[in-house]
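Work through the exercises below with the coordinates open. Each one is followed by a solution in steps.

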Amino acid sequence: MTENVTAKGGQGGGPAWEPKVVAIFCNWCSYTGADLAGISRLKYPAGLRIVRVMCSGRVSPAFVLKAFHEGADGVLVGGCHPGDCHYLEGNYKTLKRKLVFERLLEQFGIEKTRFRLEWISGGEGDKFARVANELIKEIEALGPLGSVAERLRQADGLSLRAEGGAGSA
Amino acid sequence: MPGPKIGVYVCHCGSNIADKVDMDALRDFAGELPDVVVSRDYKYMCSDPGQDLIKADIKEYGLERVVVASCSPRMHEPTFKRACEVGGLNPYLMEMANIREQCSWVTVDRGGATRKAKALVRSAVNKARLLEPLEDKSVPVDPKTLIVGGGIAGIEAALKIAEAGYKVYLVEREPSIGGQMAKLDKTFPTLDCAACILTPKMVSAAQNPNITLLTYAEVEDVSGYVGNFEVTIRKRARGVDEKLCNGCGTCQEKCPIKVPNEFEEGMGLRKAIYTPFPQAVPNKPVIDRENCTYYKTGKCRVCERVCPPQAVRFDQEDEIIKERFGAIIVSTGYQPFDPSVGKQWGFGRYDNVITGLQFERLSNASGPTGGKVLLKDGTEPKAVAILHCVGSRDKNYNEYCSRICCMTSVKFAHLVREKTGAKVYDLYMDMRTFGKQYEEFYNRVVAERDIYFIRGKGAEIMEDPVSGGLLVRVEDTLLGVFREIPVDMVVLNVAMCPRPDAQEVAQKFGIQRSADGFFLEYHLKLEPMKTANEGVFIAGTCQAPKDIPDTVGQGAGAAAEALKVVLLGKVTVTPTTAEIRETLCSGCRMCIPLCPYTAISFNEAKGVAVVNEALCKGCGTCAASCPSGALRVRHFDNRQLLSQIEGVCAE
């Protein structure tokens, strides 16, 4: 499936293919943990990019599919540890939705290991950097999502119009 | 239809960002994005001239959206929101791209960092295009502050707030306030006695009409949010009517039951009805129901008979107090490291291996030996070893430095010399005497006779097969030799650790913990008393190990934070709440049970869900589940987030 992917040479001779991971992080724990990784100057590949939401409970299945649809090779959702949620229990809802996400991905022929849910506290900069590096390595081993992303792009109902949706699974 | 006019401002942050990200390329890239009418780069966007650039452009270009690519929004979001507001733009029309903490600082190569920065800027521009103006709302604040933990940090905070004229509830789990400091003998570097400087503050706290002291009490439940926390406190039954009791102590004299005294670190005995120490505040005893004969067998009641004011109440029940507070200060303190987990120290196996707090009690005039430093058999020691870093600076236990142990050890060395004729061996890894007058104190003690400072970690404590005393093994790293030092007493200066129930307390108050288990501050250097939960502050050793001066400083600082909330009389609540678009709502009610704040109800007449915006905190869990997209979270709606995802993915 690699044929479908155009090699994106980095400026300055980067790798031919750099895994792209969309990380959707809650404001209070994971986003803060990612900031701490930065403050601590821990390193991880530039292909991982973070979108901030207030709570991991905000992550609807449409966001995950949208990321793959737009060409992400992996999706990482980060929330507070169980019991630590700033909104009491949003992360438990995320944990439940993980099953929906995984089933959805299987239906689209996407390996479920391309999706990951992690609890990262505001103090766990090192954990975040470790997870980021680990996940990117795993996705490198899986290779680009390529043709599946293309299929997703052709699939109907995933345009911006699909607000909120996909909760009925 | 053309989109809103967007201005993009790229910050160099000195060299913090500019070293890794090609600023010119990023600025030019931003300028090419749709709807961007101006893009600039500047050395420090957060500086006044940087902010002025934004303000001037809002007027000159008629900007309708602003994107700042700089540090984390956790640092400067308020700065740039304000700049927009002053410039005449609604502050919610500003979006930030985090190209420092999440880009330049974490990326190895310049090419990758520049690519990532472009993606983050595009993502922010995408979101900015879809932003809408919002207005902050404010709600009234309850002017009372709750302080949890009556050690020196909590006492200091309570006094400061009360002296400013505001009401405080000080809740302490033990029968008396005072905390760990009440156990100490002398305090470094001045050697004034802990009780002499602490008890006046304890008494002031008890006498201040603005302070409600709740000892032998615990917080059971916290709900609500900054300005209006609803708190349930359980005041455990003392078995004594506090109003009638005059603290004469007759009950304690006559009580026939003796159990180990927690306050004496297990070395002395107390009665089943007791005050933990003579200067306790309040000076009213409690009945320890686990050990009292009456609660076990239904007989005895000696204390009741001998009490002159007839204050003993065996049938007293726990009291549940429900109160509303504007701010909360958590100052729940630390737990000393338990050295019995490591066999090498022989703690619990050898009688004369004691912890630092046990030494404090021995040396304290109100302690079990009346202030004499004695071995278990009642004789005076001839040689004492003091070990630093027991359970700290040790990856097997706690990696962190416990901060106080070097100074405590130097103080102990001095006290041993002052009270006995014993030689002192002080085994240190590094001597860290960092505070005001600390190095001077160290130099003074170094010059004292018969104190030997040995650089090396006490590795093992054994019984001397010949003398029956103790042997301390240490590698003297300055001489490069192994030594076995015969002593008859060893003082283990153990680490300050998080309380065993720190996780439970953290969850109760909605605060997080750092990797070492202590409570997590909002910013390690700049916001040490704030937490991620607005209106909840931390002070003292529950945040990290610290000495008395630093603890007092944080207590006062937390008081300032709490006063900031209660003095204003109102708090701003975020307008980024959920709303229902009634025409889209199908009335499926899926969202209603998902809301942790019960902010969503159902309008039977209209057949649609209704959001109570006063209760909504804007987490968005409801919106993620709404099958028809009728629930919308302001500032984090589906279109905005999907366009951000698009932005980070595109090349």
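**Exercise 1: a strand and its neighbours**

In this predicted model, strand 6 of chain B pairs with strand 18 (residues 327-330) of chain B in the parallel sense, over 4 bridges. Task: find which residue of strand 18 of chain B stands opposite B:Ile147, then place strand 6 in its sheet.

Step 1. The residue opposite B:Ile147 is B:Ile329.

Step 2. Strand 7 (residues 168-171) of chain B also pairs with strand 6 of chain B, in the parallel sense and over 4 bridges. Here B:Tyr169 is the bridge partner of B:Leu146.

Step 3. The open sheet has 5 strands of chain B in the order 10-7-6-18-29, with parallel pairing. Strand 10 (211-214) and strand 29 (536-538) of chain B each have a single partner strand, so one side of each lacks a neighbour in the sheet. From one strand to the next, the twist averages 20°.

**Exercise 2: a helix on the sheet**

Task: state which strands helix 6 of chain B touches, and classify its packing against helix 15 of chain B.

Step 1. Helix 6 of chain B packs on the sheet and touches strand 6, strand 7, strand 10 and strand 18 of chain B. Its direction makes about 165° with that of strand 7 of chain B.

Step 2. Helix 6 (residues 152-163) and helix 15 (residues 548-568) of chain B pack at about 40°, their axes 8 Å apart. The two helices are therefore oblique to each other, and their crossing is right-handed.

Step 3. Among the contact residues are B:Ala153 and B:Ala157 of helix 6 of chain B, and B:Gly555 and B:Ala559 of helix 15 of chain B. By class, the contact has 9 nonpolar, 2 polar and 2 charged residues.

Notes
Residues numbered from 1 in each chain as written. Chains lettered and ligands numbered in written order. Predicted model: local features only at pLDDT ≥ 70, side-chain atom pairs only at ≥ 80, totals over all residues. Heavy atoms only, no water. Axes fitted to C-alpha atoms, helices over the stretch in contact; angles between N-to-C directions. Parallel < 35°, antiparallel > 145°, perpendicular 65-115°, else oblique. Left-handed = near helix turned anticlockwise from the far one by under 90°. Contact = heavy atoms within 4.5 Å. Nonpolar A, V, L, I, M, F, W, Y, C, P; charged D, E, K, R; others polar. Pairing = 2+ DSSP bridges.
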